[in-house]
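Thanks for making time for this. I would like to walk you through one structure, taking a pair of strands, then a cavity, and then some aromatic rings, so please have the view in front of you.

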Amino acid sequence: MKKILSVFALAAFLFPLVASAAYNDVSANGDGSYIELSSSRQFVMTSDTRVESFNVDVDAGTIQFAVAASSYIKLTTTNKTGFTVSGNSCSQAVINCGSSSSDITISCASGVNTHTITITPGAANSCEGGLTDSGGGTSGTSGGGGGGGPSPSPAPSPSPAATPATPATPATSATPATPATPATPATPAHVFTQTLKKGSSGTEVQELQEKLKELGFLPANHQPTKFFGSLTQKALQDYQKANGLSSSGQLNAETRTALNGSAPAPASAPAPAPSPTPAAATGSVTFTKNLSRGSSGDEVKNLQITLQNLGFLAADITPNGNFGPATQKAVQAFQSANGLSPVGFVGPGTRAALNGSAGSSPAPVAPAPAPAPAAATPAAPSGSVTFTSTLKRGSSGDEVKNLQVTLQNLGYLPADITPNGNFGPATQKAVQAFQKANGLSQVGVVGPATRALLNK
């Protein structure tokens, strides 16, 4: 059983292990990422860890890290545990195995090429056989039975990323008798001056990540890290492609000019709209348990009904309270649409999204599509257009353009917007209006249920 998480955005609170928590769990929820290989082998990957990605293989009992230049790894545990390291081309691993806690630290220099490091924790409550590194070497100490040399100090933790600035509040629409409230002045835009690429770090990288997040090319829940990795590179390439620039994935002079011009590229709209709030569970259902493949009961049945109402579980599947492959696939689709790692099990982050994070009131879902308002007929496009892909903010291509034409014909996309094949704020707003008129949850993503209505 493998679970894979991106490590570019680790949240702000670590959940303690409780009696009802499932083993073999992985959660990124605070000052680091909590990893549980078994009931007696639990680890925390600290928030200053900088890697491309990591993979937890519970069956093999290993944790693999994809690292590059300037990567940094630190794992800690409250158990007495040794570690074996393989594939390490960075500096020597610093391993401490004490009587009541253990940790391992690996730092990669700026010239290190991308490669994979595998860390295998040793047996619980024992330091034996667990102070080896087949790559860069090892420096470590072991408690309870003699030790090695003193451990060098781990690399300093980077400063935490600054909280993105709150967008300026738009002016309140005025009634005929009342003058409009002036809009709050926006914070001056950052001007990019440096050439940045994969492996770069610093404040300018953080500003770039915040800008790409504002324009919809990075997930809404992404926390700027000051480190230019694969996720930032892909987001920049998507921005370059949407703006007709060379998709090099580097912040060069041409791309700096476009970003400094403050042109929100995903779609022709005056300003990017806020990312949609993750869809909440319908009615009064509140999810409280960890649910995964093999779980069963009323809470699984409520999960299936909720996912079906939101369009992630096929309508021809009868909710039966058994968590099987179809439910797992629907959970993964929900997680992808809400900016979560698609691990396929319901943990703390997914429960928060299902229960309506930020305290927003869940929108009731109608049992059947409601008739559209007179101004727009909720009919599918005429002709031979068939929608087959999941489309969302940042998508581009012919299918997006066909979607824009269809929404414009149905009256949901303003006539003065030219369909350009780029899914941006205006298209997202039009999709939400179409979903609302047809009794769907307004997630702003064209998923199975929305496609079914468009294809009728």
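Let us begin with strand E7, residues 72-77, and strand E10, residues 102-107, which run antiparallel and are joined by 6 bridges. Please keep in mind throughout that what we are looking at is a predicted model. If you want one position to find in this pairing, take Lys 74, whose bridge partner in E10 is Thr 105.

Strand E10 also pairs with strand E9, residues 93-97, again in the antiparallel sense, and here there are 4 bridges. Within that pairing, Ile 95 has Ile 104 of E10 as its bridge partner, and the connection from E9 to E10 is a hairpin that passes through 4 residues.

Now I would like to turn to the empty space inside the model. How many cavities of 30 Å³ or more does a search of the whole structure find? The search finds 1, and the largest cavity holds about 90 Å³ of space. Its lining is made up of 13 residues, and those nearest the centre are Leu 310, Gly 311, Val 443, Val 445 and Thr 450. Helix H9, residues 448-454, gives the largest share of that lining, with 3 residues. As for the character of the lining, 7 of its residues are nonpolar and 6 are polar, while no charged residue takes part.

The last topic is the aromatic rings, where a search of the whole structure finds 5 aromatic pairs. One of them is formed by Phe 217 and Tyr 239, which meet edge-to-face, with 5.6 Å from centre to centre and 90° between the planes. Because Phe 217 sits in the loop between helix H1 (203-214) and helix H2 (230-242), whereas Tyr 239 belongs to helix H2 itself, this pair ties together parts that are 22 residues apart in sequence. Are these two residues buried or exposed? Phe 217 is buried, at a relative accessible area of 10%, and Tyr 239 is buried as well, at 0% relative accessibility.

Another pair consists of Tyr 412 and Phe 434, whose ring centres lie 5.6 Å apart and whose planes stand at 85°, so this pair is edge-to-face. Tyr 412 lies in the loop between helix H7 (398-409) and helix H8 (425-437), and Phe 434 lies in helix H8, so that the pair links distant parts of the chain, 22 residues apart. Tyr 412 is buried, with a relative accessible area of 12%, and Phe 434 is buried too, with a value of 0%.

Note on methods:
Residues are numbered from 1 along each chain as its sequence is written. This is a predicted model: local features need pLDDT of at least 70, side-chain atom pairs count only at pLDDT 80 or more; totals for chains, interfaces and linings use all residues. Side-chain values use heavy atoms; hydrogens and water are left out. Two strands pair if DSSP finds at least two bridges between them. Helices (H or I, at least four residues) and strands (E, at least two) are DSSP runs, numbered from the N terminus. On a 1 Å grid over the protein atoms alone, a cavity is a set of points where a 1.4 Å probe fits but cannot get out, and a pocket is an open set with protein on both sides within 12 Å along at least five of seven lines; lining residues have an atom within 4 Å of a point. Grid points are joined across faces, edges and corners, and a volume is the space filled by probe spheres set on the points. Ala, Val, Leu, Ile, Met, Phe, Trp, Tyr, Cys and Pro count as nonpolar, Asp, Glu, Lys and Arg as charged, and the others, Gly among them, as polar. Rings of Phe, Tyr and Trp (its six-membered ring) pair if their centres lie within 6.5 Å; planes under 30 degrees apart count as stacked, over 60 as edge-to-face and the rest as tilted. Buried means under 20% relative accessible area, exposed over 50%, partly exposed in between (1.4 Å probe, protein chains only).
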